[in-house]
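Biologist: I am new to this structure, and I would like to hear how each label that you give is reached. Could we go through the reasoning step by step?

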Amino acid sequence: MLNRLDDFLLEKVFQKISDNFQKATGKNCLFLARILVLISIALDFIIGFIIIAISWYDPLNLLVLLLLTRTILANFKHLKNMQDREERETKVLSSSAEVANVKKLLFKPLRIFSLANNILFDMFFIVFDVINTTLLRSMENKLTLFMLVANLSLSCHTASIYFSCCTPLPPCKSKIKAFLTSKTSQPVASES
């Protein structure tokens with residue numbers, strides 16, 4: 001079931017978003033993946049600040065902060081790898097019409113693992129939020145904020161993995177940029 005969901009998300013959702021985005025802006029799927037990794041890193045920093053605000057002296061929170069630091073560093077490494085891949089693929093795409101995307105096959109276990117984690121975390125977040133709002137009304141909102149930001153960070157990371165596995169189109173000009181330049185180059189009619 002997760003295999004079919006993974007294939008559907010990659011081919012029918014993320015690949016189409018990537019293609020439409022590249023046709024509109026001229027930026028490929030790796031640009032989208034980099035933006036999502038940067039958002040995930042920013043959200044991880046916010047999670048760190050929330051943990052410090054809740055109670056930084058708790059040993060479990062210090063462990064979470066260490067794991068969070070490792071996640072942030074891994075995201076930076078992932079970002080650097082995507083930049084290197086984009087440089088290589090831009091050279092190849094400009095010389096040929098089509099490129100086989102090996103990452104679709106190599107990253108399939110990582111995509112499925114990340115997707116499963118995201119689904120489980122979403123279900124946990126919904127159950128936690130229902131329990132928090134109905135049964136534990138005295139509980140602080142910082143924990144709910146922590147769960148929301150962690151969920152957003154995981155979702156951005158999962159989406160970045162999917163976008164990095166999309167096959168970029170050959171380089172093309174931005175429709176938006178062409179539209180804006182055509183609007184600015186038109187002469188303005190003078191009123192008499």
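Modeller: Let me begin with the term helix, which stands here for a DSSP run of H or I with at least four residues, numbered from the N terminus. Please keep in mind that what you see is a predicted model.

Biologist: What makes up the chain, in helices and strands?

Modeller: The chain holds seven helices and zero strands, and its elements, read from the N terminus on, run α-α-α-α-α-α-α.

Biologist: Where does Ile126 lie, and why is Ile126 called exposed?

Modeller: Ile126 belongs to helix 5. Its relative accessibility is 52%, and exposed means over 50%, so Ile126 counts as exposed. Its C-alpha atom is separated by 9.8 Å from that of Met147, a residue 21 places apart from Ile126 along the chain.

Biologist: Why is Asp122 called partly exposed?

Modeller: Asp122, which also lies in helix 5, has a relative accessible area of 29%. Because buried means under 20% and exposed means over 50%, with partly exposed in between, Asp122 is placed in the class between the two. Asp122 and Leu148 are 26 residues apart in sequence, and their C-alpha atoms are 9.4 Å apart in space.

Biologist: Why is Asn151 called buried, and which residues does Asn151 touch?

Modeller: The relative accessible area of Asn151 is 11%, and the cut-off for buried is under 20%, so Asn151 counts as buried. Asn151 lies in helix 6, and, when residues up to four places away in sequence are not counted, Asn151 touches Asn118, Phe121, Asp122 and Phe125.

Biologist: What makes Leu68 a buried residue, and what does Leu68 touch?

Modeller: Leu68 has a relative accessible area of 11%, which falls under the 20% limit, and therefore Leu68 is buried. Leu68 is part of helix 3 and touches Asp44, Ile47 and Gly48, leaving out residues up to four places away in sequence. Its C-alpha atom is separated by 7.2 Å from that of Gly48, although the two residues are 20 apart along the chain.

Biologist: How many of the 192 residues are buried, as a percentage, in the chain?

Modeller: Buried residues make up 36% of the 192 residues.

Biologist: What makes a group of residues a nonpolar core, and which residues have the most contacts inside the largest one?

Modeller: The members must be buried residues of certain nonpolar kinds, joined through side-chain atoms within 4.5 Å. The largest such core has 31 residues, and those with the most contacts inside it are Phe14, Ile47, Phe146, Tyr162, Phe163 and Cys166. Helix 1 (2-25), helix 2, helix 3, helix 5 and helix 6 each give two or more residues to this core, and helix 2 gives the most, with 11 residues. Phe146, for its part, is in contact with Ile47, Ile50 and Ile51, leaving aside neighbours within four places in sequence.

Biologist: What volume does the largest pocket have, and which residues lie nearest its centre?

Modeller: Its volume is about 740 Å³, and of the 26 residues that line it, Asp44, Thr71, Asn75, Leu154 and His157 lie nearest the centre. Helix 3 supplies the largest share of this lining, nine residues, and by kind the lining divides into 14 nonpolar, nine polar and three charged residues.

Conventions
Residues are numbered from 1 along each chain as its sequence is written. This is a predicted model: local features need pLDDT of at least 70, side-chain atom pairs count only at pLDDT 80 or more; totals for chains, interfaces and linings use all residues. Side-chain values use heavy atoms; hydrogens and water are left out. Buried means under 20% relative accessible area, exposed over 50%, partly exposed in between (1.4 Å probe, protein chains only). On a 1 Å grid over the protein atoms alone, a cavity is a set of points where a 1.4 Å probe fits but cannot get out, and a pocket is an open set with protein on both sides within 12 Å along at least five of seven lines; lining residues have an atom within 4 Å of a point. Grid points are joined across faces, edges and corners, and a volume is the space filled by probe spheres set on the points. Ala, Val, Leu, Ile, Met, Phe, Trp, Tyr, Cys and Pro count as nonpolar, Asp, Glu, Lys and Arg as charged, and the others, Gly among them, as polar. Contact means heavy atoms within 4.5 Å.
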